[in-house]
There are 2 protein chains.
Amino acid sequence: MPKSTEDPGHGICNVRADFSVVEYARLATIRREPGSRQNQAKMQKAQETDLAVEAVPKRTTIRDVARTAGVGIGTISRVLNSSSQVSRETRARVLEAIRRLGFRPNAQARRILRRRSEIVCFLLSNRDFLHPFHARILQGVESYASGLKQHVLFAVLHYSPRTAPEKIDLPSVLQEHGLIDGVILAGTIYPNLLQRIESVHMPFVAFSNNVVGMDGAQQFDQVGFDDFAGTLQATRYLISQGHSRIDFAGDITLPWIQRRFEGYRRAMRENRLKPVLVTVRNAESFVDFGQKSGQRILALESRPTAVVAGNDETAYGLWLSLRRQGIKVPDEISLIGFDDREEAVLMDPPLSTVRVHKEAIGQTCMKMLLERLHHPQMAFSQRILPTEFVVRGTVRQL
Amino acid sequence: MPKSTEDPGHGICNVRADFSVVEYARLATIRREPGSRQNQAKMQKAQETDLAVEAVPKRTTIRDVARTAGVGIGTISRVLNSSSQVSRETRARVLEAIRRLGFRPNAQARRILRRRSEIVCFLLSNRDFLHPFHARILQGVESYASGLKQHVLFAVLHYSPRTAPEKIDLPSVLQEHGLIDGVILAGTIYPNLLQRIESVHMPFVAFSNNVVGMDGAQQFDQVGFDDFAGTLQATRYLISQGHSRIDFAGDITLPWIQRRFEGYRRAMRENRLKPVLVTVRNAESFVDFGQKSGQRILALESRPTAVVAGNDETAYGLWLSLRRQGIKVPDEISLIGFDDREEAVLMDPPLSTVRVHKEAIGQTCMKMLLERLHHPQMAFSQRILPTEFVVRGTVRQL
DNA sequence: TTAGGGTGTGGAACTAGTTCCATTGTTTTG
DNA sequence: CAAAACAATGGAACTAGTTCCACACCCTAA
């Protein structure tokens, strides 16, 4: 067997000095020296392609740093992890070696040992695209994560509410082991998705407002905001401004709009006012729903003086149809939205609405997920963030 | 030294059978048996906390699978990577063992060896938040990536155009080794950022339309769309509809708006029409810019019959101020935007605008980055995607 | 003078995969 | 019928870090 390069016997194997020399020699013929295989391959390739041998640069590792600094590999690791057990001059020598070699530790290798990737997945269903609302949640997740040296992987899920749970094709990150530590679920969540996610036993936190059709049997970590309190407060404001004939326009087949309707209803009831729900079928979108609701309202024999909309888009649709019929907002009809989208402030007049702190939702999701990762046995919890009523220009005092 | 558990000497070390027995015994006192260290720690912890020893489950590895299937570890790896060099019955046996143990390969470990993480970073500056435009680009990146089993990490960069390049604090993903393979840069890009990114020697592709203040000296991979051709086509359309007095309203201090202005000017020139630029100072936003431009236009002694806006937001601002002054769009003034934001179609009347294929930009960025990763020495390239003029309701035929 | 405590350091074993050399058994070829 | 070619398989060495045991060394106390 031809030994290819120079004898590596001095020093590299000095640990084996307590073996008999014969045994060492035997070892030497059995074990390939570190890197020898690669080097042989390189030599061969180099000859084929007529390239210089050093054309394949070997990445600097802590072993290189250790050799350069004249210390052991453990010491390098201790310096990197700022453990105190290193003398000042050794640390200086190591840092100098690191600087000179331009060494950067490989994050991947560290992660195997730590059994944590420090990456969480922000998972959004394709039904929601990257709706500005969810984009803001993602921002919140990222901002909280980056402060704690965690990373956020963005993934999209393709499914329909009617797909059988076991047939939902989760993105490969969720199926792999070790790439991500946990998942933050945003977008509209149907029970089949929840079931599927639970089947892979990956820690997750869900944005709960858009959860549909839950029977309360399943338990999981969730973060949301208070739909009910939002419209309750908004409607009370309208009443305080002298309104008494107030309608609600929204698609209450959606659970979160339903909760908003309940908040509105509570405010009406507590003031002994009659709640009126305006709804339409076959709307193509929230804006369309608003437009059609507007037409309905205009057709009523007694018109309301104010309308609470299920969300900002519905409010915009209402505004469009009212304006087309020459009804001025807020002079003739006052209007309140929900969500506080970026565009609300750009409407003319700017829309009074219920503000939802989207970044805070993202941050809380991330916080909760990290808690879950640190305490896997912890009981599931649900956090409800408060909303805020923003007075702008679409409400008139009577 | 007390040996804690059962003698592991049978079989685990059978490779060492060619050592003398004495040497083997010596080895046995030196080397800790696989897992023994951990097990000792477990035992101790278990005694402290009064938990059963098996409370800490060891993750299933290919070695477990190999033992269960009665084959070597190499065979498992070959089956996992669907290499053809495995007989049919062995493969079946291995797959059965994988199924029975519920084994999932650890992605992290594989990545070290492959020297590819299969993760790319979508990097956005905090100046742009997650603007819907960039959110759509991110979607494009994700859709292309997921088709090729690549993952997308979302990161935000905090910097200002005036930060010294070396002082820009890149997110930790870019500073680490091995976590990401490359970067897609979106959002407004100033030269200092470009310089900083180049200093970490990480492959990257930039969305080029929002690059500011480049002198052309730096070379890098870029993907963008054709600002010039977009307004050229839009302006030609206006001319074909009989307009001759057409103004351009936009903040041409921004290079991409400048290019759009050039396109408009070309169209005007080729028809021997006089280009007119309407611009304002100290606008707070694009919408504000549009509103103020609208006021300017209304104050002119001879009003244009059509206005090309620098983007959809500016067009919206124009529309707002015109409407407030009782000027009807398109009856009295026609209007054209740029970008085709989601909201353009919701305006009343819906905005005629230049559509930019945002997902296609993201997809092309991802495609180009992968090409770069596979061919690091490849010459830098720049790809310009076409735009599309969308006729809606804001242009009137004269 | 020896035992004991503390700090600093080296390095084998570890993680969980992939790679490739060596070996065995089988088939084809000279 | 031997030699060569080939397919299937086992497993050590490999990747690039972390962990922790062992040991050297110094200082202090009995």
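# Asking how we know: a predicted two-chain model

Mentor: Let's start with chain A: of its 398 residues, 48% count as buried. Keep in mind that this is a predicted model.

Trainee: What makes a residue count as buried, say S352(B)?

Mentor: The cut-off is under 20% relative accessible area. S352(B) has 0% relative accessibility, so S352(B) counts as buried. You'll find S352(B) in strand β10 of chain B, which covers residues 352-355.

Trainee: What does S352(B) touch, leaving out residues up to four places away in sequence?

Mentor: Among them are L335(B), I336(B) and G337(B), and also F389(B), V390(B) and R392(B).

Trainee: How do you know that the side chain of S352(B) makes a polar contact with the backbone nitrogen of R392(B)?

Mentor: A polar contact is a pair of N or O atoms within 3.5 Å, where one can donate a hydrogen and the other accept it. Here the backbone nitrogen of R392(B) is 2.8 Å from a polar atom of the S352(B) side chain. That distance fits the cut-off, so the pair passes on distance.

Trainee: Now the strands. Why is β3 of chain B called mostly covered?

Mentor: Strand β3(B) takes in residues 182-186, and five of its five residues are buried. Buried means under 20% relative accessible area, so each of those five falls below that value.

Trainee: Which residues of β3(B) point one way, and which the other way?

Mentor: G182(B), I184(B) and A186(B) point one way, while V183(B) and L185(B) point the other way. In a regular strand, side chains alternate between the two faces of the sheet.

Trainee: How do you know that β1 and β3 of chain B pair?

Mentor: Pairing needs at least two bridges. Strand β1(B), residues 119-125, and β3(B) have five bridges in the parallel sense, so they count as paired. In one of those bridges, V120(B) has G182(B) as its partner. β3(B) also pairs with β4(B), residues 204-207, in the parallel sense over three bridges. There, L185(B) is matched with A206(B).

Trainee: What do β3(B), helix α9 and β4(B) make together?

Mentor: With α9 spanning residues 191-199 of chain B, they make a right-handed β-α-β unit. The hand is called right because, with the strands pointing away from the viewer, the path from the first strand over the helix to the second runs clockwise.

Trainee: What makes β7 and β12 edge strands in the six-stranded sheet of chain B?

Mentor: That open sheet has the order β7-β6-β8-β9-β10-β12, with mixed pairing. β7 (276-278) and β12 (388-390) each pair on one side only. From one strand to the next, the twist averages 25 degrees.

Trainee: How do β6 and β8 of chain B run, and how many bridges join them?

Mentor: They run parallel, with four bridges between residues 246-249 of β6(B) and residues 306-309 of β8(B). I246(B) stands opposite A306(B). Helix α12(B), residues 286-299, packs on this sheet and touches β6, β7 and β8.

Trainee: Last one: why is the relation between chains A and B called a two-fold axis?

Mentor: Chain A can be laid on chain B with an RMSD of 0.1 Å by a turn of 180 degrees and a shift of 0.0 Å along the axis. That is the relation of a two-fold axis. The same surface serves both copies, as 98% of the contact residues of chain A recur in chain B. Of the residues of chain A, L153(A) comes closest to the rotation axis, at 2.1 Å by C-alpha.

Note on methods
Residues are numbered from 1 along each chain as its sequence is written. Chains are lettered from A and ligands numbered from 1 in the order in which they are written. This is a predicted model: local features need pLDDT of at least 70, side-chain atom pairs count only at pLDDT 80 or more; totals for chains, interfaces and linings use all residues. Side-chain values use heavy atoms; hydrogens and water are left out. Helices (H or I, at least four residues) and strands (E, at least two) are DSSP runs, numbered from the N terminus. Axes are lines fitted to C-alpha atoms, for helices over the stretch in contact, and angles run from 0 to 180 degrees between N-to-C directions. Contact means heavy atoms within 4.5 Å. Copies are superposed by least squares on the C-alpha atoms of residues with pLDDT of at least 70 in both. Buried means under 20% relative accessible area, exposed over 50%, partly exposed in between (1.4 Å probe, protein chains only).
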